[in-house]
Amino acid sequence: MKIFVLSFFILLASAGLVPVYGQQAEIEGSVRDLQDHPISGATVYAYNTARMTGRFIRLTTSSQSDGKFVIHDVAPGSYRVHAYKETDGYADTFFAFFGTNNKNAWRGVEVHKGHTTVVALVLGPKYGKLKVSIRNERDSPISGELSFRKLDDPASAYNLGVNADSEVLIPPVPFRFEVSAEGYRQWQSDILRPRPGENLKVTVHLIRSP
């Protein structure tokens, strides 16, 4: 019997599952960078992939100083686990625009009742910043909307409203962006190809619509 129990625990560990007491499930793991250094203070969240329409279930926590995290009270089901820390140059890869070739930045997991699912997230490469200044023909500052799209992925549209002077994280992949504001013609950038961690600065002058 002891041999059977030991074999059972080894099997669960190899599958990324560890029994926990009670009926609640957990997701635990670590957040590290490409150099295997822990990322502390990262926002870690899991969402139920079966409920992506409307308001999906989202459970959030923060990684500790050693990069480890635990998300408690998770209902059984299929989840995707993401992490981000924008102040350190790691954007939220939930949005397709911020996706890179790093397949370990997020993980799909199956959560089972009464077990802890273990997952390791690796963030990187670091994103740079795009500093945008939006001005009209009189050089007066105006707010607007930025629309981003990666060159190799037409479905990667990412839109956000910004002030006249704003900073946005950008992935190290080829992309272009557009700037629009009510009453002005839309402006489009050239193709940008930032390196990991590179900061770019662009001043946009909008022209009023006829």
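This is a short talk on the fold, the cores and the salt bridges of one protein model.

Before anything else, please keep in mind that the model is predicted. The protein has 210 residues, and 41% of them count as buried. Its secondary structure comes to one helix and 15 strands. The exposed surface is about 12200 Å², with carbon and sulfur atoms supplying 51% of that area.

Now the contacts. If we take pairs of residues at least 6 apart in sequence, 65% of the contacts join residues at least 24 apart. Tyr 47 and Val 81 give us a pair to look at: they are 34 residues apart in sequence, yet their C-alpha atoms are 6.8 Å apart in space. Tyr 47 belongs to strand β3, which covers residues 43-48. Is Tyr 47 buried or exposed? Its relative accessibility is 3%, and buried means under 20%, so Tyr 47 counts as buried.

Next, the nonpolar cores. The largest has 25 residues, and the members that touch the most others are Leu 130, Ile 134, Leu 146, Phe 148, Phe 177 and Leu 206. Several strands each give at least two residues to this core, among them β9 (128-135), β10 (144-150) and β13 (175-180). There is also a second, separate core of 21 residues, including Ile 39, Ala 46, Val 74 and Ala 105.

Let me stay with Phe 148 for a moment. Beyond its neighbours within four places in sequence, Phe 148 is in contact with a list of residues that includes Phe 97, Leu 130, Tyr 158, Val 168, Phe 175 and Phe 177.

Two of those contacts, Phe 175 and Phe 177, take us to strand β13. Which side chains of β13 point to the buried face? Phe 175, Phe 177 and Val 179 do, while Arg 176, Glu 178 and Ser 180 point to the other face and are not buried. Why the alternation? In a regular strand, side chains alternate between the two faces of the sheet.

β13 has two partners to mention. With β10, β13 pairs in the antiparallel sense over six bridges, and there Arg 149 stands opposite Arg 176. With β14, residues 187-188, β13 also runs antiparallel, joined by two bridges. Glu 178 has Gln 188 of β14 as its bridge partner. β13 and β14 make a hairpin with six residues between the strands, and in the turn Gly 183 has a positive phi of about 90°.

Last topic: charge. Side chains of opposite charge can pair when their charged atoms come close. How many salt bridges does a search of the whole structure find? The count is seven.

I will go through three. Asp 36 pairs with Arg 32, with the closest N and O atoms 2.8 Å apart. Arg 32 is partly exposed, at 23% relative accessibility. Asp 88 and Lys 85 meet at 3.3 Å, N to O. Here Asp 88 is partly exposed at 29% relative accessibility, whereas Lys 85, at 17%, is buried.

The third is Glu 167 with Lys 131, at 3.8 Å, N to O. This pair links distant parts of the chain, since Glu 167 sits in β12 and Lys 131 in β9, 36 residues apart. Both ends are partly exposed: Glu 167 at 47% and Lys 131 at 34%. Through shared partners, salt bridges join Lys 129, Lys 131 and Glu 167 into one network.

That is the end of the talk.

Technical notes
Residues numbered from 1 in each chain as written. Predicted model: local features only at pLDDT ≥ 70, side-chain atom pairs only at ≥ 80, totals over all residues. Heavy atoms only, no water. Helix = DSSP H or I, 4+ residues; strand = E, 2+ residues; numbered from the N terminus. Buried < 20%, exposed > 50% of the residue type's maximum accessible area, 1.4 Å probe, protein only. Contact = heavy atoms within 4.5 Å. Areas by Shrake-Rupley, 256 points an atom, 1.4 Å probe, with all protein chains shown as cover. Core = buried A, V, L, I, M, F, W, Y, C linked by side-chain atoms within 4.5 Å. Pairing = 2+ DSSP bridges. Salt bridge = Lys/Arg side-chain N within 4 Å of Asp/Glu carboxyl O.
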